[in-house]
Amino acid sequence: MKDRLKSDIFLRKIKEVIKNMGCPRPGKECNEFMCGSSVEGVCREGLKDYKVITLCGSTKFKDEFMRVQKELTLKGYIVISVGCFGHSGDVFTDEQKIMLDDMHKRKIDMADEIFVINVGGYIGGSTRSEIEYAETHNKKVNYLVNINR
């Protein structure tokens, strides 16, 4: 048991030293479990981190969702959007609606910030709850149409 404890301490020290050295193979296949930058066998050291944005807003603005998603993606953001457009023809059960609302909050959790698609300044009840959720979780909130708050 004592030898295993010494071994664990030794490995932790090696990992810390290697992590502080940086990786000599950024972006390449990486089997160095100790460097701390490997994700699923690919070295992430030196690769760009992209900001993640979740789109929020009424699904009746489907065309605007698609336009904003494309625009933000081409600006270098990872964009998370809605999976269905209930106000544009998709039909859901009450249980599915509850699930989709909850899933969208999880999408906000994954994001660095949210972008509210508020065409004409419109913000419905669901979108308002998503904005409040994002603000409560210290997410930056941006709007398609500026609002005076």
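This is a short talk on the sheet, the aromatic pairs and the nonpolar cores of one predicted model.

Hi everyone, thanks for coming. Please keep in mind that we are looking at a prediction throughout.

Let's start with the sheet. It is open and has four strands, in the order E4-E3-E5-E6, and the pairing is parallel. Which strands stand at the edges? Those are E4, residues 78-80, and E6, residues 140-143; each has a single partner strand, so one side of each is left without a neighbour in the sheet. Going from one strand to the next, the twist averages 30°.

Let me zoom in on one of the pairings. Strand E5, residues 113-117, runs parallel to E6, and four bridges join the two. If you want a spot to click on, try valine 116, which stands opposite tyrosine 143 of E6.

Now the helices on this sheet. Helix H3, residues 94-110, packs on the sheet and touches E3 (52-57), E4 and E5. The direction of H3 makes about 145° with that of E3. Helix H4, residues 125-136, also packs on the sheet, and its contacts are with E3, E5 and E6. Measured against E5 in direction, if you'll allow me the loose phrase, H4 makes an angle of about 160°.

On to the rings. How many aromatic pairs does a search of the whole structure find? Two. One of them joins phenylalanine 61 and tyrosine 122, edge-to-face, with 6.2 Å centre to centre and 70° between the planes. This pair links distant parts of the chain: phenylalanine 61 sits in the loop between E3 and helix H2 (62-74), tyrosine 122 in the loop between E5 and H4, and these positions lie 61 residues apart in the numbering.

Are these two rings buried or exposed? Phenylalanine 61 has a relative accessible area of 16%, so it counts as buried. Tyrosine 122 comes out at 38% and is therefore partly exposed. Tyrosine 122 has another companion as well: lysine 60 lies over its face, at 4.0 Å from the ring centre.

The other pair is phenylalanine 65 with phenylalanine 85, again edge-to-face, at 5.7 Å centre to centre and 80° between the planes. Phenylalanine 65 belongs to helix H2, while phenylalanine 85 is in the loop between E4 and H3, 20 residues apart. Both of these phenylalanines are buried.

While we are on rings, look at tyrosine 133 too: lysine 105 lies over its face, 5.8 Å from the ring centre.

That brings us to the cores. The largest nonpolar core has eleven residues, and among them are Phe61, Phe65 and Phe85 from the aromatic pairs, along with Ile53, Val79 and Phe115. E3, H2 and E5 each supply at least two residues. Where does the largest share come from? From H2, with three residues. Leucine 72 is a nice one to select: beyond its neighbours within four places in sequence, it is in contact with Ile53, Leu55, Tyr77, Val79 and Phe115. Apart from this core lies another, of ten residues, including Ile108, Ile114, Ile123 and Val141.

Last stop, the segment after E6, where we find isoleucine 147. Its relative accessible area is 29%, so it is partly exposed. The C-alpha atom of isoleucine 147 is separated by 9.3 Å from that of asparagine 118, and the two are 29 residues apart along the chain.

That's my tour, and I'm happy to take questions.

Note on methods
Residues are numbered from 1 along each chain as its sequence is written. This is a predicted model: local features need pLDDT of at least 70, side-chain atom pairs count only at pLDDT 80 or more; totals for chains, interfaces and linings use all residues. Side-chain values use heavy atoms; hydrogens and water are left out. Two strands pair if DSSP finds at least two bridges between them. Axes are lines fitted to C-alpha atoms, for helices over the stretch in contact, and angles run from 0 to 180 degrees between N-to-C directions. Contact means heavy atoms within 4.5 Å. Rings of Phe, Tyr and Trp (its six-membered ring) pair if their centres lie within 6.5 Å; planes under 30 degrees apart count as stacked, over 60 as edge-to-face and the rest as tilted. Buried means under 20% relative accessible area, exposed over 50%, partly exposed in between (1.4 Å probe, protein chains only). A charge sits over a ring if NZ of Lys or CZ of Arg is within 6 Å of the ring centre and within 35 degrees of the ring normal. A nonpolar core is a set of buried Ala, Val, Leu, Ile, Met, Phe, Trp, Tyr and Cys residues joined through side-chain atoms within 4.5 Å.
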